[in-house]
Amino acid sequence: MTAHRCCNAALAGTGPKTPAAQIRDGIRPPTFLRRCFGIAEWIAEWIVPGVILALLPKCPFCLAAYLAFATGVGLSMSTLMHLRMGLVVLCTASLLYLAARSIRRTRRLKTGH
C-alpha cells in the first residue's frame, strides 16, 4: 500500500503537513473553540471601547445621574469630570492602538515579513 501524495509531501518536508506531523513538530492547528474565541476577542477589542465612547454622556451631571442610578454612589463634579476625561482618553488610546496594530499586521502580510 502506498501513501497518499500529501503524506509523502509532508514526510519529504514540502507541501502541507498533516495534523499529526504538525502536533509532532509542536505546531498545533487552531481548534474550533480557539477560532470562535479569537473572533469573539477581536469583536470585543473593537466594540467595547467604541460603545463606551458612544454611550458616554458629554455632561458631567448626566454621568453623575447614570453612576448614581447604576451603583448608588454619588461623586463630586470634579471627580466625575476627571473620570469622564480618563474614560475618553483610555477608550481613544485603545482604539488607536488597535488601529495601529491592524495596520502593522496588514503591512506585514503584504510584505511577507
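**Exercise 1.** How many helices and how many strands does the secondary structure of the chain come to?

*Solution.* The model is a predicted one, in which local features need pLDDT of at least 70 and side-chain atom pairs count only at pLDDT 80 or more, while totals for chains, interfaces and linings use all residues. Residues are numbered from 1 along each chain as its sequence is written, and side-chain values use heavy atoms, with hydrogens and water left out. Counting DSSP runs from the N terminus (helices being H or I of at least four residues, strands E of at least two), one finds 5 helices and 0 strands, in the order α-α-α-α-α.

**Exercise 2.** Describe helix 5 by its span and its buried residues.

*Solution.* Begin with the span: helix 5 has 35 residues and reaches 51 Å from its first C-alpha to its last, close to the expected 51 Å, where the expectation is 1.5 Å times one less than the number of residues. Next, apply the burial cut-off (under 20% relative accessible area, with a 1.4 Å probe and protein chains only), which picks out Leu-80, Arg-84, Cys-91, Leu-98 and Arg-101 in this helix.

**Exercise 3.** Which residues does Arg-84 touch, not counting residues up to four places away in sequence?

*Solution.* Locate Arg-84 in helix 5, residues 77–111, and then list its contacts (heavy atoms within 4.5 Å), which are Leu-56, Pro-57, Lys-58 and Leu-63. Finally, look for a salt bridge, meaning a side-chain nitrogen of Lys or Arg within 4 Å of a carboxyl oxygen of Asp or Glu; the buried Arg-84 has none, and the nearest side chain of opposite charge, Glu-45, is 24 Å away.

How values were computed: Buried < 20%, exposed > 50% of the residue type's maximum accessible area, 1.4 Å probe, protein only. Lys, Arg positive; Asp, Glu negative; His and termini not counted.
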